[in-house]
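Please study the structure below and work through the exercises on its ligand site. Each task is followed by a solution in steps.

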Amino acid sequence: MRLDKFICKSTELCKDAATQCIHAGKVSVNGEVVTNESVQVHENNTVLLNGDRLKARDFRYLLLHKPINTVCSNIDEAYPSLFNYLQVERVSELHIAGRLDADTTGLVLITDDGRWSFDITRPCNGCRKVYRVGLSKALSHEQAEAVAERFLEGIKLQGETQLTLPAMLEVIAPNEVRLTITEGKFHQVKRMFAAVQNRVAWLHREQIGDVCLDVESEQWRYLTQKEVASFHKYPN
Ligand code: URA
């Protein structure tokens, strides 16, 4: 990670203050004074600020049950930010691994570990996201089979050149299905159903990878170490 970020993560300094310390020659990395804030450092490096060794705080990994009419942004927009539900320090350092639309509810993963969230959201890593979907048009058995087949083969979404990756459809009721996808294109689920002449009436994310939503709406918890590590099986 960048030296200025490392200092922010190991002290109470903001980015500007960290940069000032670096420019003032107060920071050394492995015994050498470093005045460039963009130099990359990692845990094994000895980083001193005014002679004191710095140790970056551990990364944080949380899950939150997103209620309807909230936004996955750090600032309130047309709707309040879902970060308002987190009673943790330094909320501004956190970001979401795979955003949901304002009108979508369910599982959101939140972290300050950019590498970890990158692994989850990269489509080529094949990390599955499971959605329960309410449809405005009920599907007959035959229609559901046809849609499932098209989703499995991949469909062309409006404005895209490539087909969607294979997705799995499971029927729960004539107008309720479970859809598993491994990518996260903009409004992907809604656009997939629009492509088969249907409309998503409501959308709820139940699962990402092996992590299932198990808290009530508006509630959050830290992930277990096992859950955090479970995403490492999605290779580059
Ligand atoms: N697909 C959508 O269309 N919306 C979401 O919020 C998530 C997936």
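The exercises below concern a predicted model.

**Exercise 1.** State which residues are around the ligand and classify them.

*Solution.* Step 1: apply the cut-off, by which a residue is near a molecule if one of its heavy atoms lies within 4 Å of it. Step 2: list the residues around the ligand, namely L100, D101, T104, Y131, H187, Q188, V189, K190 and L203. Step 3: sort this shell by class, which yields 4 nonpolar, 3 polar and 2 charged residues.

**Exercise 2.** Determine where the ligand lies with respect to the domains and helices.

*Solution.* Step 1: the shell receives residues from both domain 2 (61-122 + 217-233) and domain 3 (128-208), and therefore the ligand lies between them. Step 2: the element that gives the most to the shell is helix α5 (residues 188-195), with 3 residues. Step 3: the space that the ligand takes is the largest pocket.

**Exercise 3.** Identify the polar contacts to oxygen atoms of the ligand, and state how much of the ligand is buried.

*Solution.* Step 1: a polar side-chain atom of T104 lies 2.9 Å from a ligand oxygen atom. Step 2: backbone N or O atoms also lie at such positions, 3.0 Å from a ligand oxygen atom for K190 and 3.5 Å for Q188. Step 3: the ligand taken alone exposes 240 Å², of which the protein buries 95%.

Terms used. Residues are numbered from 1 along each chain as its sequence is written. This is a predicted model: local features need pLDDT of at least 70, side-chain atom pairs count only at pLDDT 80 or more; totals for chains, interfaces and linings use all residues. Side-chain values use heavy atoms; hydrogens and water are left out. A polar contact is a pair of N or O atoms within 3.5 Å; within protein, one must be able to donate a hydrogen and the other to accept it, and residues adjacent in sequence count only if both atoms are side-chain atoms. Accessible areas come from the Shrake-Rupley method with a 1.4 Å probe; for residues, only the protein chains shown count as cover. On a 1 Å grid over the protein atoms alone, a cavity is a set of points where a 1.4 Å probe fits but cannot get out, and a pocket is an open set with protein on both sides within 12 Å along at least five of seven lines; lining residues have an atom within 4 Å of a point. A molecule sits in a cavity or pocket if more than half of its atoms lie within 2 Å of its grid points. Helices (H or I, at least four residues) and strands (E, at least two) are DSSP runs, numbered from the N terminus. Ala, Val, Leu, Ile, Met, Phe, Trp, Tyr, Cys and Pro count as nonpolar, Asp, Glu, Lys and Arg as charged, and the others, Gly among them, as polar. Domain bounds come from an automatic or database domain assignment.
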